[in-house]
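Reader: Could you walk me through the backbone oddities in the loops here? I'd like a close look at that one part.

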Amino acid sequence: MKFFAKRLSAILLLTALTVSAAMPAAAVSLPSIKWPFQRVEVESIEPGEYDAEMVVGTTQQLKPTVMPENATDKDVVFASEDISIVQVGQDGLIGAASVGTTRVSATAGGVTIYYDINVVPDPSTVVSDMDAAISSEEIALGDTATISVSVSPSSAAATATVTFTSSNEAVASVNNFGRVTAVGKGSATITVTCGDIVRTINVKVYIPTDGIHLNTNYLVLKPGETAQITGSVTPSTAPQGLTFRSSDKSVATVSGSGTVTAVGTGSTSIIVSNGDSSSMVTVIVNRGGASSSSSSSGSETDEGGASSGETVSDDPIIQQINDAQIEVVNLNQADIPLITSEMLNALRRTGKTMNITGEGYILTIKGTDIRNTQNTINTAVVFTPSTEENGLEFTLNEGGAMPCTVSVTMTGENASYGRLYLYNTATDQWQYLNSYSDSVVTTDTAGRYLLTNDTLTFVHVNIYAMIAAGVALLAIVVVYIVVKKRYWFW
């Protein structure tokens with residue numbers, strides 16, 4: 001049987017060889033046979049459509065196509081070269097994390113392609129414009145000023161990085177928040193930078209004036225007469241140049257060197273300034289060329305054309321009250337330390353208001369509020385730290401009776417206090433005043449006052465009274481024990 005099988009196989013093989021030899025070569029085309037487990041290699045990867053530029057915070061899906069379609073290994077592996085810029089998941093979803101440029105690779109079957117991704121900022125967080133302004137371009141030595149910055153669009157303010165630099169730290173220094181401190185006299189430029197945007201602010205530091213000292217506070221002249229005003233400035237490092245200006249040139253004019261020329265009857269003020277501070281000289285020009293102390297009565301008209309029925313006072317303050325063209329007379333406390341009865345009478349008669357500016361306050365007296373003109377008003381109000389409470393104490397009219405209601409407006413640091421108390425000598429306590437508001441106290445009571453932000457409780461305990469009460473209580477206990485002791489042993 002085996003012999004027969006071998007013979008059959010040999011015959012079939014011989015037949016096949018004979019047939020193939022007899023057929024033309026071109027006609028021999030045997031179909032290729034592929035076994036089911038044969039591997040198909042990846043030839044290429046198509047990237048698909050994608051955005052090469054992304055905005056920070058956005059995502060997109062990468063869709064690569066592996067070729068050929070029947071490739072054995074079609075699984076794609078993704079990787080980012082810089083995950084701080086672009087992050088990628090294994091499903092091909094990429095996210096823009098920060099500004100920059102990097103590549104994302106897609107690999108399948110040993111074939112790799114790259115996606116070049118450029119991440120740009122969110123336009124709403126990018127500063128396109130910037131404005132910078134300072135609260136004051138001229139700063140006194142030791143004082144500060146603040147630079148305010150605004151950016152466009154406003155949505156970029158939260159992420160904007162602004163830096164400040166000074167061209168001369170010896171003149172003006174600046175911190176990271178735009179606070180400029182005057183260090184030395186001179187000029188400096190503050191540079192404000194935000195990205196590519198640069199703004200500059202010029203500041204000037206000056207030495208503040210302690211005072212302008214004049215050779216006179218008032219002048220009494222006749223029409224055509226002249227007088228010279230001279231002055232000095234302290235400290236010597238403050239601006240020394242003085243300018244002169246007349247408030248009413250129809251009464252008196254003044255030259256650039258301080259020469260005052262009387263023009264017409266009346267009163268005016270010569271304002272003397274060094275650009276930082278100012279002082280005032282009151283000028284009285286008597287009517288008709290009469291002497292400064294002259295007065296007359298009747299209805300005749302003198303040579304100056306003014307009615308002689310009016311009294312001309314030799315007190316420049318009273319004359320200023322009488323001749324003021326407006327209802328308010330403004331004076332410095334140094335020029336009027338005391339409001340006399342005559343001044344009160346002039347205010348009441350004219351119905352005018354007088355404002356007296358002192359250090360840390362403005363004292364206001366209205367002529368319509370004056371009840372009597374017998375008393376006087378001391379205009380000096382001195383503020384001192386309280387030794388008993390947390391605040392400042394001051395005294396009105398040195399404790400003397402007030403002829404009228406006055407208003408005291410607190411200025412500067414004095415205006416930072418919100419509560420006012422009057423010392424009651426009868427009860428030896430501070431009494432709260434509800435008439436104080438908006439840093440203004442209106443009162444007709446002279447005496448000792450307290451400015452504070454605290455609420456006083458007025459609990460005052462006399463230590464000697466407490467000791468006396470304790471001794472009395474102890475004595476009562478001792479007497480009780482002595483009286484009752486004889487019964488304890490019964």
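Author: Sure, let's start with Pro235, which sits in the loop between strand E21 (231-234) and strand E22 (243-246). Strands here are DSSP runs of at least two residues (E), and helices (H or I) are runs of at least four, numbered from the N terminus. Thr234 and Pro235 are joined by a cis peptide bond, with omega at about 0°.

Before going on, note that this is a predicted model, where local features need pLDDT of at least 70, side-chain atom pairs count only at pLDDT 80 or more, and totals for chains, interfaces and linings use all residues. Numbering runs from 1 along each chain as its sequence is written, and side-chain values use heavy atoms, with hydrogens and water left out.

Another cis peptide bond links Ser152 to Pro153, with omega about -5°. Pro153 belongs to the loop between strand E12 (144-152) and strand E13 (163-166).

Then there's the phi angle. Asn397 isn't a glycine, yet its phi is positive, about 55°. You'll find Asn397 in the loop between strand E33 (391-396) and strand E34 (404-410). Asn397 has a relative accessible area of 9%, so it is buried (buried is under 20%, exposed over 50%, partly exposed in between, with a 1.4 Å probe and protein chains only).

Asp438 also has a positive phi of about 55° without being a glycine. Its loop runs between strand E36 (429-433) and strand E37 (440-443). Asp438 counts as exposed because its relative accessibility is 73%.
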